[in-house]
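Me: I would like a close look at one part of this protein, namely how its interior is packed and which helices take part in that packing. Please take me through it in one connected account.

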Amino acid sequence: MQTETVKKGRERTAQEKISDILKKKMTFSFEVFPPKNDKPIEPLLQTLEKLYQYEPDFISCTFGAGGKNVGRNEEVLRAIVDSGHNAMAHYTCIGQDEEDILHTVENFQKIGIRNMLALRGDFPEGWTGTQGAFAHADRLMQFIKRKFPSMTLSGACYVEGHIQARSLDADIAHLRSKQDNGAEFLTTQLNYDIDAYRRFIDRIRKAGITIPVIVGVMPVLYKDGVIRMTLSNGCSIPAPLSRIIGKYGDKPEEFKKAGKEYTVNMIYQYMNEGIDGLHLYSLNKYRDLAEIIEEAGIRGTF
């Protein structure tokens, strides 16, 4: 009842620039992904209703490779904005020509979106390039900033380097280009190694990258998911997490319990590093995420 009261009491508010929020405090946010075209949207809308209780500073929504899911992406973004909450649209340049980009960003603006995470995106199977107007995210950002100067842009960053980068040095050089071409803050992708994060922050600051860095946290819930995602992203599995996998790998419920504790501790460690923002990858789930948030004590429900 309280959630419904809050919802009914809200009016559609102007979207706030995340770059402005970052000047005032550490942001707290979630990421969701749109359902496939043949799947109902109601389960995600119900999850969003639960997530709204934690008063996030924004909620981001991913964008399908090649724009295949752009309609559902916009549908989810519209629902977030209509609820009175701040939204950040993901956008990839995979398979997108300049006309596609203009059309999509114009639609984002019509919805009321003022924040975008501009990405190159992962190549679909068999692709060797973006097959679009731009090969990299920095040029996409440059184009969007020129055409839509009021749009606030974020760039993705990889604490241990993008898996396709020649080196971490090369990846950091690309980050500098993202900053120089319009990125106002960065958002880290999958990472479980706090020491790697410390080294990364030190290196990017020495490289002249001064914009805020929001830390993305992927909850540790399923052994196979952790292994699959770290391998596909070229990420380390630190010793404490490796021990959890070794000890509870064949005991799903015990693994999840230990994984949640690991995630809570990881959040504490990140916050003690003085991070600019905390961005939780929800995987479109609520219950497990809620337990992590409330155990960490960083947000409470109404």
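Reply: The model is a predicted one, and a good place to enter its interior is the largest nonpolar core, which has 81 residues, those with the most contacts inside it being Phe30, Met116, Tyr192 and Leu280. Helix H11, which spans residues 252–272, gives the most to this core, with seven residues. Apart from this core there is a second, separate one of ten residues, and Leu22, Met88, Leu119 and Ala156 are among them. As background, nonpolar side chains in soluble globular proteins tend to be buried together.

Phe30 shows what such a core position looks like in detail: once its neighbours within four places in sequence are left aside, Phe30 is in contact with Leu51, Tyr54, Pro56, Phe58, Ile59 and Ser60, and also with His279, Leu280, Leu289 and Ile293. Leu280 is thus a contact of Phe30, and Leu280 is itself listed with Phe30 among the residues that have the most contacts inside the core.

Helix H11 also has a helical partner, H10 (residues 239–248), and the axes of the two come within 9 Å, crossing at roughly 165°. Because an angle over 145 degrees counts as roughly antiparallel, H10 and H11 are described as roughly antiparallel to each other, and their crossing is right-handed. On the H10 side the meeting residues are Pro240, Leu241, Ile244, Ile245 and Tyr248, while H11 brings Pro252, Glu254, Phe255, Ala258 and Tyr262. Sorted by class, this contact has nine nonpolar residues, no polar ones and one charged residue.

Helix H6, covering residues 137–147, is a further piece of the interior, with Ala137, Asp138, Leu140, Met141, Phe143, Ile144 and Lys145 buried, so that Asp138 and Lys145 appear in this list beside residues such as Leu140 and Phe143. The cover over the buried residues of H6 includes strands E3 (87–92), E4 (115–119), E5 (152–157) and E6 (183–188), together with helices H5 (98–111) and H7 (168–180).

Two single positions complete the picture. Thr47 is found in helix H3, residues 42–52, and counts as buried because its relative accessibility is 10%, where the limit for that class is under 20%; with residues up to four places away in sequence not counted, Thr47 touches Asn284, Lys285 and Tyr286. Ala165, by contrast, has its place in the loop between E5 and H7 and, at 25% relative accessibility, counts as partly exposed.

Key: Residues are numbered from 1 along each chain as its sequence is written. This is a predicted model: local features need pLDDT of at least 70, side-chain atom pairs count only at pLDDT 80 or more; totals for chains, interfaces and linings use all residues. Side-chain values use heavy atoms; hydrogens and water are left out. Buried means under 20% relative accessible area, exposed over 50%, partly exposed in between (1.4 Å probe, protein chains only). Helices (H or I, at least four residues) and strands (E, at least two) are DSSP runs, numbered from the N terminus. Contact means heavy atoms within 4.5 Å. A nonpolar core is a set of buried Ala, Val, Leu, Ile, Met, Phe, Trp, Tyr and Cys residues joined through side-chain atoms within 4.5 Å. Axes are lines fitted to C-alpha atoms, for helices over the stretch in contact, and angles run from 0 to 180 degrees between N-to-C directions. Angles under 35 degrees count as roughly parallel, over 145 as roughly antiparallel, 65 to 115 as roughly perpendicular and the rest as oblique. A crossing is left-handed if the near helix is turned anticlockwise from the far one by less than a right angle, and right-handed if clockwise. Ala, Val, Leu, Ile, Met, Phe, Trp, Tyr, Cys and Pro count as nonpolar, Asp, Glu, Lys and Arg as charged, and the others, Gly among them, as polar.
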